[in-house]
Amino acid sequence: MKMFLHAFALIFLMSCGSTQLVQTPSKGGEQSVTVNTAKSDNDSFTNSERIGEIMNYLASDDLKGRDSGSEGIEMAAKYIENYFKSYGVKPYFDSYRDTIANYKDPSYNIVGIVEGNDPDLKNEYIVIGAHYDHIGTIAPENGDYIANGANDNASGTTSVMEMARYFGIHKTNKRSLIFALFTAEEKGLLGSEHLAKKLKEQDLNLYTMLNFEMTGVPLQGKDYFVYITGYERSNLAEVSNAYAKENLVGFLPTAKEYNLYERSDNYAFHKEFGVPSHTFCTFDFTNFGHYHKVGDEVDLMDFGHMATLVNKVLPVIESIANGPENEIKLN
């Protein structure tokens, strides 16, 4: 999350049947697509192996920390574009790329859409997002100078990619879903700011914005699975827990204390549209100590936890997308 710890320092497809599996591309960005018919033990949509496939690419040394405007983030952009295309997620604009106008180097949000299947509700939109950039290379520690950004935020990016895959394949959503991977979050939330303003100028009928940030390791000692920033600003947690049929989304006091609501890409949509816009997160300042450091490596990520998060959140998003009225409201 942007300046997430600055505040702290002050502290397979496993739906039924076959699915395409996007393999890790080469350094040139090419990738092959093969068929995988395996199911997980619990017959859930995704699993740790599939999550690991994506994470091991996005947080690899080859991508050099995915700094905005760099060759590494260009490789990530191509990977995400190919992933979207493989699973029926169409470009929202003329292409998947939304070139941001508020950063000096050429940088792109990657934006796809799965149109709603209801003739009326498809004109209402839900944005599901995460930032896919990180800080690139930094001062070396023990010879390592690549800030891989596994938790921040290859984890959230992977979660959104898998959610896009689900809806791209099944198309069970009545409302239209925009899947947005933001650039330049680490430069001051610039990618989401650009896209939110652009969509507002187009008079998009936005229902809600759901953002995913630093979801790579589980919370410890909590009676909920994930928290949202701005918990008290809307009834999203209440609605989510009702659909999940469990205490899925909770309140983290530290998130409110350090105003994390304004520190990630949800905030631009709150400002532009004035609709419920929240970030889902499982980083709580105590369970991960490598923020903006070279130690934010993929081998510290809990792929099983990440798969569980996707599998738990998918029916919630599906239910929100299909609800007959706008039940998520500002408090």
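This report covers the nonpolar cores, two helix pairs and several single residues of a predicted model.

## Nonpolar cores

The largest nonpolar core holds 77 residues. Six of its members touch the most others: Met55, Phe84, Ile128, Met163, Phe179 and Phe212. Helix H9, residues 303-322, supplies the largest share of this core, with 11 residues. Apart from this core lies another one, of 19 residues. Val111, Val127, Ala196 and Val275 are among the members of that other core.

Phe84 deserves a separate entry. Leaving out residues up to four places away in sequence, Phe84 touches Val89, Tyr96, Ile110, Val111, Gly112, Ala164, Phe179 and Leu181. Phe179, one of these partners, is also on the list of residues that touch the most other core members. Val111, another partner of Phe84, is a member of the 19-residue core.

## Helices H6 and H9

H6 spans residues 236-244 and packs against H9. The angle is about 110 degrees, and the axes lie 9 Å apart. H6 is therefore roughly perpendicular to H9. The crossing of the two helices is right-handed.

On the H6 side, the contact is made by Leu236, Val239, Ser240, Tyr243 and Ala244. H9 brings Val316, Ser319 and Ile320. By class, this contact has 6 nonpolar residues, 2 polar ones and no charged ones.

## Helices H5 and H8

H5 covers residues 190-201, and H8 covers residues 266-273. They pack at an angle of about 30 degrees, with axes 8 Å apart. That angle makes H5 roughly parallel to H8, because angles under 35 degrees count as roughly parallel. This crossing, too, is right-handed.

H5 contributes Ser192, Glu193, Leu195, Ala196, Lys197, Leu199 and Lys200. These meet Ala268, Phe269, Glu272 and Phe273 in H8. The residues of this contact divide into 6 nonpolar, 1 polar and 4 charged. Ala196 of H5 is also a member of the 19-residue core.

## Thr215

Thr215 sits in the loop between strand E10 (206-212) and strand E11 (226-228). Its relative accessible area is 1%, so Thr215 is buried.

Not counting residues up to four places away in sequence, Thr215 touches ten residues listed here in two groups. One group is Asn151, Ser155, Gly156, Ser159 and Phe280. The other is Cys281, Thr282, His305, Met306 and Leu309.

## Lys90 and Asp144

Lys90 belongs to strand E3, residues 90-91. Its relative accessibility is 59%, so Lys90 counts as exposed. Beyond its neighbours within four places in sequence, Lys90 is in contact with Tyr96, Val111, Gly112 and Ile113. Tyr96, Val111 and Gly112 are also among the partners of Phe84. The C-alpha atoms of Lys90 and Ile178 are 9.6 Å apart, across 88 residues of chain.

Asp144 lies in strand E8, residues 144-146. At 22% relative accessibility, Asp144 counts as partly exposed, because the buried class requires a value under 20%. Residues up to four places away aside, Asp144 touches Ala139, Val294 and Glu297. Lys293 is 149 residues from Asp144 along the chain. Their C-alpha atoms are separated by 9.9 Å.

## Backbone features

A cis peptide bond joins Asp152 and Asn153, with omega at about 0 degrees. Asn153 is in helix H4, residues 150-170. Two contact partners of Thr215, Asn151 and Ser155, also have numbers within the H4 range.

Two residues that are not glycine have a positive phi. Asn142 has a phi of about 55 degrees, and Lys245 has one of about 60 degrees. Asn142 is in the loop between strand E7 (137-141) and E8. With a relative accessible area of 88%, Asn142 is exposed. Lys245 is in the loop between H6 and strand E12 (249-250). Lys245 also counts as exposed, at 75% relative accessibility.

How values were computed. Residues numbered from 1 in each chain as written. Predicted model: local features only at pLDDT ≥ 70, side-chain atom pairs only at ≥ 80, totals over all residues. Heavy atoms only, no water. Core = buried A, V, L, I, M, F, W, Y, C linked by side-chain atoms within 4.5 Å. Buried < 20%, exposed > 50% of the residue type's maximum accessible area, 1.4 Å probe, protein only. Helix = DSSP H or I, 4+ residues; strand = E, 2+ residues; numbered from the N terminus. Contact = heavy atoms within 4.5 Å. Axes fitted to C-alpha atoms, helices over the stretch in contact; angles between N-to-C directions. Parallel < 35°, antiparallel > 145°, perpendicular 65-115°, else oblique. Left-handed = near helix turned anticlockwise from the far one by under 90°. Nonpolar A, V, L, I, M, F, W, Y, C, P; charged D, E, K, R; others polar.
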